[in-house]
Amino acid sequence: MTAVRDSRTVWDGLVGQQKVIETLRTAAAGHGMSHAFLFTGPPGSGRSNAAIAFAAALQCEQDPPGCGTCHACHTVLAGSHADVSVVRTEGLSIGVKEVRELVRRSALAPVGPRWQVVIVEDADRVTEQAFNALLKAIEEPAERTVWMLCTPTVEDVLPTIRSRCRLVSLTTPTAEDVAAFLVRTDGVDTALASYAARASQGHIGRARALARDEQTRNRRRDVVAIPAQLTSLGRCMQAAARLTEVTKEEADAITTELDAREKAQLDTAYGVVERGRRPREYAPALRDLETDQKRRAKRRQLDVVDRGLMDLVSVYRDAIAVASGAPGRLVNEEIRGDVELLARVSSPETNLRRISAIFEAREQMLEFNVQPALALESMMVALVAPEARTR
């Protein structure tokens with residue numbers, strides 16, 4: 001491991017986004033400022049990180065803003081600044097009730113001398129009714145309120161919303177940028193950083209997980225090995241079951257500790273441990289907590305399945321790259337033998353159809369609420385070679 005350097009400014013966590021940094025620095029200095037910003041970019045590009053960094057710069061006590069070390073910067077980055085609200089959800093959507101509370105909060109004057117900042121991560125999960133509740137606040141904002149919405153694309157918010165926001169577009173960072181970031185900030189070994197950067201396909205959070213955790217790397221290896229295993233219908237069913245199992249394991253690993261901590265906090269809040277009995281108000285509070293946790297677990301598994309599907313897509317894209325003679329390293333360089341075999345026995349057109357089948361399964365789960373096991377079984381059958389479907 002190499003020495004890890006502390007961040008010197010609020011912008012240091014934004015990887016491969018120099019144009020965005022310059023735009024936000026200029027706005028924080030008072031040039032091109034707006035009352036509403038829409039941060040867009042592919043998963044892992046750092047949309048919410050950019051919004052939080054910008055919020056810190058807006059509250060910064062130094063010149064130029066965004067020093068990363070003053071009290072204001074520190075509290076924004078730590079999530080404890082009184083005038084910066086960050087809205088996150090583990091659920092499937094953000095409803096009108098929650099948005100109305102945000103609108104109410106945004107109308108208040110900031111506690112400090114600068115801005116009241118409201119950041120909505122995953123604004124693509126805001127329901128249409130909730131967006132309508134948000135519209136008036138963005139059309140007629142309070143004098144010192146700034147809204148920051150984070151979505152994958154501009155199409156994820158209503159046209160009436162995006163037309164009133166200044167667009168900040170992030171891009172997928174290169175593997176080289178991600179690897180250098182892992183070495184610089186996390187002290188990751190160069191070879192491991194290179195693997196994690198390629199395997200994550202530019203997703204910073206995923207790259208960090210791959211670099212830090214061997215079990216995460218092993219689960220990904222199980223997923224990218226699937227295309228070479230699809231030689232019969234029986235193998236398809238086994239692969240679908242295994243992918244369902246692997247993604248559930250990863251989702252459970254993420255949520256189990258958090259669930260237990262929330263349950264312990266609830267018990268403490270109601271004095272269950274101290275008194276040895278449960279007050280009448282405890283049961284409904286526990287039901288609400290369990291409902292929220294089940295909703296979060298479902299969303300988390302869908303997110304992990306989605307990540308696994310993107311790993312599968314990377315294998316078929318690598319096969320297309322090999323077949324077309326594209327230069328450069330593969331995303332899955334470690335299984336080049338499997339990829340080259342796939343390129344020999346399948347045409348690029350066949351692999352493009354397989355990628356389409358993966359995206360169709362993704363849509364079934366995310367948009368139409370199809371059970372992951374069913375969607376994955378159907379997808380695996382679409383991925384197998386036609387001549388193997390009768391075996």
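**Exercise 1: a strand and its neighbours**

In which sense do strands β3 and β4 pair, and over how many bridges? Place β4 in its sheet and decide how enclosed β4 is.

*Solution.* A friendly reminder before we start: this is a predicted model.

Step 1. Begin with β3, residues 116-120, which pairs with β4 in the parallel sense over 5 bridges. Within this pairing, Val-120 stands opposite Leu-149 of β4. To get from β3 to β4, the chain passes through helix α5 (residues 128-139), and this β-α-β crossover is right-handed.

Step 2. Now take β1, residues 36-40. This strand also pairs with β4 in the parallel sense, over 5 bridges, and here Phe-37 stands opposite Met-148.

Step 3. Next, sort the side chains of β4 by face. In a regular strand, side chains alternate between the two faces of the sheet. On one side of β4 you find Thr-145, Trp-147, Leu-149 and Thr-151, and on the other Val-146, Met-148 and Cys-150; all are buried, and both faces are covered.

Step 4. Conclude. Because 7 of the 7 residues of β4 (residues 145-151) are buried, the strand is largely enclosed by the rest of the structure.

**Exercise 2: three salt bridges**

The structure holds 26 salt bridges. For the pairs Glu-334 with Arg-198, Arg-220 with Asp-311 and Arg-336 with Glu-340, work out where the partners sit and whether they are buried or partly exposed.

*Solution.* Side chains of opposite charge can pair when their charged atoms come close.

Step 1. Glu-334 and Arg-198 meet at 2.6 Å, N to O. The two are 136 residues apart and link distant parts of the chain: Glu-334 belongs to the loop between α14 (282-324) and α15 (336-345), while Arg-198 belongs to helix α8 (residues 190-200). Buried means under 20% relative accessible area. Arg-198 has 10%, so Arg-198 is buried, whereas Glu-334, at 47%, counts as partly exposed.

Step 2. For Arg-220 and Asp-311 the N to O distance is 3.2 Å. This pair, too, links distant parts of the chain, 91 residues apart, with Arg-220 in helix α10 (residues 214-224) and Asp-311 in helix α14. Arg-220 is buried at 3%, and Asp-311 is buried at 3% as well.

Step 3. Arg-336 and Glu-340 meet at 3.4 Å, N to O. Because they are 4 residues apart in helix α15, about one helical turn separates them. Arg-336 is partly exposed at 27%, and Glu-340 is partly exposed at 30%.

Step 4. Finally, look for shared partners. Salt bridges join Arg-206, Arg-219, Arg-220, Glu-250, Arg-307 and Asp-311 into one network.

**Exercise 3: backbone angles to check**

Which peptide bond has an omega of about 0°, and where do Gln-201 and Asn-369 lie?

*Solution.* Most residues other than glycine have a negative phi, and most peptide bonds are trans.

Step 1. The bond between Asp-63 and Pro-64 is cis, with omega about 0°. Pro-64 lies in the loop between α2 (47-59) and α3 (71-78).

Step 2. Gln-201 has a positive phi, near 55°, and is not a glycine. Its place is in the loop between α8 and α9 (204-212), and with a relative accessible area of 29% Gln-201 is partly exposed.

Step 3. Asn-369, another residue that is not a glycine, has a positive phi of about 60°. Asn-369 sits in the loop between α16 (348-368) and α17 (372-383) and is partly exposed at 48%.

How values were computed: Residues are numbered from 1 along each chain as its sequence is written. This is a predicted model: local features need pLDDT of at least 70, side-chain atom pairs count only at pLDDT 80 or more; totals for chains, interfaces and linings use all residues. Side-chain values use heavy atoms; hydrogens and water are left out. Buried means under 20% relative accessible area, exposed over 50%, partly exposed in between (1.4 Å probe, protein chains only). Two strands pair if DSSP finds at least two bridges between them. A crossover is right-handed if, with the strands pointing away from the viewer, the path from the first strand over the helix to the second runs clockwise. A salt bridge is a side-chain nitrogen of Lys or Arg within 4 Å of a carboxyl oxygen of Asp or Glu.
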